[in-house]
Structure formats: structure tokens, C-alpha cells
Amino acid sequence: MDLTYTDDQKAFRDEVRAFLDEKLPKRLSDKVAGGKRLTKEDYEDWHAILNAQGWLGVNWPKEHGGTGWDAVQRHIFEEETTRAHAPRIVPFGLNMLGPVLMKFGSKEQQAHYLPRILNGDDWWCQGYSEPGAGSDLASVKTTAVREGEHYIVNGQKTWTTLGQYANMIFCLVRTSKDGKPQEGISFLLIDMDTPGVTVRPIVLIDGEAEVNEVWFEDVKVPAENLVGEENKGWTYAKYLLTHERTNIAGVGFATSALANLKRIAGLEQSGGKPLIQNPFFAAKMAQVEIDLMAMATTNLRTIAAAAAGNAPGAESSMLKIKGTVIRQEINALTRQAVGPYAMPFVSEALDEGANVEPVGPGYALPATQSYFNNRKLSIYGGSNEVQRQIISKAILEL
Ligand SMILES: Cc1cc2nc3c(=O)[nH]c(=O)nc-3n(C[C@H](O)[C@H](O)[C@H](O)COP(=O)(O)OP(=O)(O)OC[C@H]3O[C@@H](n4cnc5c(N)ncnc54)[C@H](O)[C@@H]3O)c2cc1C
């Protein structure tokens, strides 16, 4: 296994850097670096810039308008875009639904939806979780009953990320109550403008409403919106989750957050010296950096194995746990570093052009919000407890 880049890979990295220097708007990178709130238009602007370059479908094959990049190129791209503070790409259409349609969708669905994902014509959201069906996803209760050429959908989804911006939702729905719960689930595409769909925001602990409840009351969905076969949705749902968990380690995000922490610890004072010289605090920072370096190596090992054609197994679970614990620890240290300025959270000051003065230094402003927001990391994408169960079975054979 070789963990160093080849000359071709270095040339690719330079190409990505040159592109980011030229095309990533400073307005956007300043917002990301400063922990400011991104608007729907911000996400759409960056989506359009990448699409114009042909670099949007990073894990899509060329035949569907993707880059056709291998695992190492995707890793380099991810590393460089995070380093440059590019906005994240909203994953629901590109990373989740796209691969499912390519593998299980009809030719008509592929021809209709895939170009619309790349062009940003549709904003997709993920309708998997329900109250009572999160980790235990097979318990979904939202029903879809076939009536002629339509399904009539009733039920509720929850935690729907950025559903307030979406015009389309892909849902796991119950089409049969016979047999095992997994055998009665179907995968349905629903236009959110259909009568009977209601989106209600959920305000989270950080004061933001990035997630929603989505309610369905007698929603009439054309039968042609079924992906694959009726009652086979569990297979497609699991396939989608393997794509949801790509880049699960979040090395780029952690590296960027650690650099920010070091900068703040160099500016904040403790006992008349920069905080970074406080042995107690420096030891905590060193520990998290060591953990990050070790995880980055494990991540590269997984990528090298993937490049050699080996699908990642329980390593994804290890990376999910380590990646999220490290990011949450960096968030906690950043919040500690800004001391009392972590307390006065002025939400409006996170907006572009706000004329509200933050209390304390600008870098303190997003510290608490990020700390609270990133509690989610160890819950979604398969909670860390569930990942530990996977490791205990697959690696430790318990
Ligand atoms: C910010 C955020 C955004 C989200 N976005 C979306 C989205 O866009 N679309 C979507 O469909 N879903 C989304 N989710 C939902 C997410 O996938 C679920 O929250 C997650 O699967 C956990 O399910 P749950 O919340 O129902 O908790 P539960 O499954 O009820 O778990 C409760 C607790 O029990 C533990 N637990 C459960 N089962 C086991 C087990 N077998 N072994 C050990 N411990 C266990 C869990 O770890 C957790 O601590 C989002 C969640 C969050 C927090």
C-alpha cells in the first residue's frame, strides 16, 4: 500500500487548487471560514460553479455527466475544497439519490432526474426517519396505498434536513404489512408541491431550524415515481446509505477546525500568556491533533484499499466514530478557548451584512453555535452507538 501521491495525483491537486483560487467566490469562502450562516442561494451558487466546471458529480460515472474520478481524486478534491473553505455540497440529490437512480431507477427516471440534479433544477431532501423509526429504520409507518395509477401517501417524516428548501423528497414508505418489516418497504419520489404535503420547522439546540417535520395527508403520487420494484425499497435504502457514509471521517473539516482552534488559542490570553502556551490546554490540543493524524492515516488506508477495488467494511464505522468524536472535541476546545465570550450568542450577527455587533471577538461568534450544532454528528448517518454494535459484530465477533 502506497500512501504518497503520484506525480499525476499531485498535478491533479494543483489543478484543483488553481480552480479554487480562480472560481471560489471570496464572499462564500469568507462566510464558511467565519462560521457565518449560508443561504439557499449560497449553496446554489457554489453548486452552479462546480457544475459549469463539470466537477459536481464527483462520485458519478462519466456516462451520467459525472467526473469519473477514482477514490484518491475524490479525496484530494474533498481535502482541497475544505482547505479553501468552500461551502459543502448538499448531498441528498448528488450523493444519495443519484447513485440509487443509476443502479435501480428506470431509464425514464434517469433521463429525467439526473440532469435536473446536476443543473440544480430540483432540491432533494431525504425522507427516511420517522418518530419511532431512526436507528430502527425498518419500522417506517408512512403508508403508500396503490389506487389505479397513483399511490396515496399518509404519514410523517422527521429530521428532514433542509426540507424547507426542497421541492422533491425521496421517501421510504410502507406498501405491505405482510412478512418481515423490511419486505414491505418501497422507495418513492414525491413532489413536495403536491396538495397534502406540509413542512414544519424543528428548532434545534443551537437555535437554528435546519431540520423539519414533513407530513403527508392523502398525497397523490404518480405510480411512475416508484423506484425499482414495490416492496424492494429496503435494498435500495441500504445501497443509498453506503453512499451517505462516504467521506464519513470528515478529515478536511476537522483539519480546518483544528487550524481555527490553534489560531484562537494563539490570540486568547491565559495567565498573561497566549492560551496556546498553557500546558494543560496545549496537551488537550496535542491529543486531538494526534487522534486526527492517526485517523487521517486510517482514512488513507481505506481509500487506498478502495482504489485497489476493496469495498470498505467495518472501517467505515471506525471512521464515523473517530471522525465525529474528534470534531466534537475540537468544537468543545474552541468553545473553552473563547471563555466567557462563548456565552452571548448573537444569532443575527451570523447573517451576511448584519449590522449587529457581536459581543467579543468575531471568531468567538460561531463557537457555541458550532458546538451545539455538531452534537448531531454522532447521531445522524447511523448513531455512534449503532456503529459500535457493527464493530463489535464484524471485527470483534461478539
Ligand atoms: C441534525 C440531524 C439531521 C438529520 N437529517 C435527516 C434527514 O435529512 N433525513 C432523515 O431521514 N433522517 C435524518 N436524521 C435522522 C437520523 O438519521 C436519526 O436521528 C438517527 O438515525 C437516530 O435515530 P433516532 O433519532 O430515531 O434515535 P433512536 O434510534 O431512537 O436512538 C436513540 C438512542 O438509542 C441508541 N440506539 C438505538 N438503537 C441502538 C442499538 N441497536 N444499539 C445501541 N444503541 C442504540 C442511539 O444511539 C441513540 O443514542 C437527522 C438527524 C439529525 C440529528
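In this predicted model, an oxygen atom of the ligand lies 2.6 Å from an N or O atom in the side chain of Ser 135. Two further polar contacts involve the backbone: a nitrogen atom of the ligand is 2.7 Å from a polar backbone atom of Trp 159, and a backbone N or O atom of Gln 126 is 2.9 Å from a nitrogen atom of the ligand. The protein buries 67% of the 970 Å² that the ligand exposes when taken alone.

The three contacts are set out below.

| Residue | Protein atom | Ligand atom | Distance |
|---|---|---|---|
| Ser 135 | side-chain N or O | oxygen | 2.6 Å |
| Trp 159 | polar backbone atom | nitrogen | 2.7 Å |
| Gln 126 | backbone N or O | nitrogen | 2.9 Å |

**The shell around the ligand**

The ligand is surrounded by 18 residues, of which Ser 135, Trp 159, Thr 161, Ser 383 and Glu 385 come nearest. Sorted by class, this shell holds eight polar, seven nonpolar and three charged residues. Domain 2 (123–231) and domain 3 (245–394) each supply at least three residues to the shell. Among the elements of secondary structure, helix H12 (residues 384–394) gives the most, contributing three residues.

**Backbone of Trp 159 and Asp 218**

Most residues other than glycine have a negative phi. Trp 159, whose backbone takes part in a ligand contact, has a positive phi near 60 degrees. This residue is located in the loop between strand E3 (150–157) and strand E4 (168–174). Asp 218 is likewise not a glycine and has a positive phi, of about 50 degrees. Asp 218, however, is placed in strand E7 (residues 211–222).

**Annotated domains**

Two domain annotations come from an unreviewed UniProt entry. The record assigns "Acyl-CoA dehydrogenase/oxidase N-terminal" to residues 6–121. In the model that span is 68% helix and 0% strand, and its end C-alpha atoms lie 38 Å apart. For residues 125–218 the record lists "Acyl-CoA oxidase/dehydrogenase middle". Here the chain is 0% helix and 47% strand, with 20 Å between the end C-alpha atoms.

**Aromatic pairs**

The model contains 16 aromatic pairs. One of them joins Phe 12 and Trp 69, with ring centres 5.0 Å apart and planes at 75 degrees, an edge-to-face arrangement. Phe 12 belongs to helix H1 (residues 7–23), while Trp 69 sits in the loop between helix H3 (40–53) and helix H4 (71–83). The two residues are 57 positions apart, and the pair thus links distant parts of the chain.

Conventions:
Residues are numbered from 1 along each chain as its sequence is written. This is a predicted model: local features need pLDDT of at least 70, side-chain atom pairs count only at pLDDT 80 or more; totals for chains, interfaces and linings use all residues. Side-chain values use heavy atoms; hydrogens and water are left out. A residue is near a molecule or strand if one of its heavy atoms lies within 4 Å of it. A polar contact is a pair of N or O atoms within 3.5 Å; within protein, one must be able to donate a hydrogen and the other to accept it, and residues adjacent in sequence count only if both atoms are side-chain atoms. Accessible areas come from the Shrake-Rupley method with a 1.4 Å probe; for residues, only the protein chains shown count as cover. Helices (H or I, at least four residues) and strands (E, at least two) are DSSP runs, numbered from the N terminus. Ala, Val, Leu, Ile, Met, Phe, Trp, Tyr, Cys and Pro count as nonpolar, Asp, Glu, Lys and Arg as charged, and the others, Gly among them, as polar. Domain bounds come from an automatic or database domain assignment. UniProt positions are given in the numbering used here, feature names are shortened, and annotations may be inferred rather than shown by experiment. Rings of Phe, Tyr and Trp (its six-membered ring) pair if their centres lie within 6.5 Å; planes under 30 degrees apart count as stacked, over 60 as edge-to-face and the rest as tilted.
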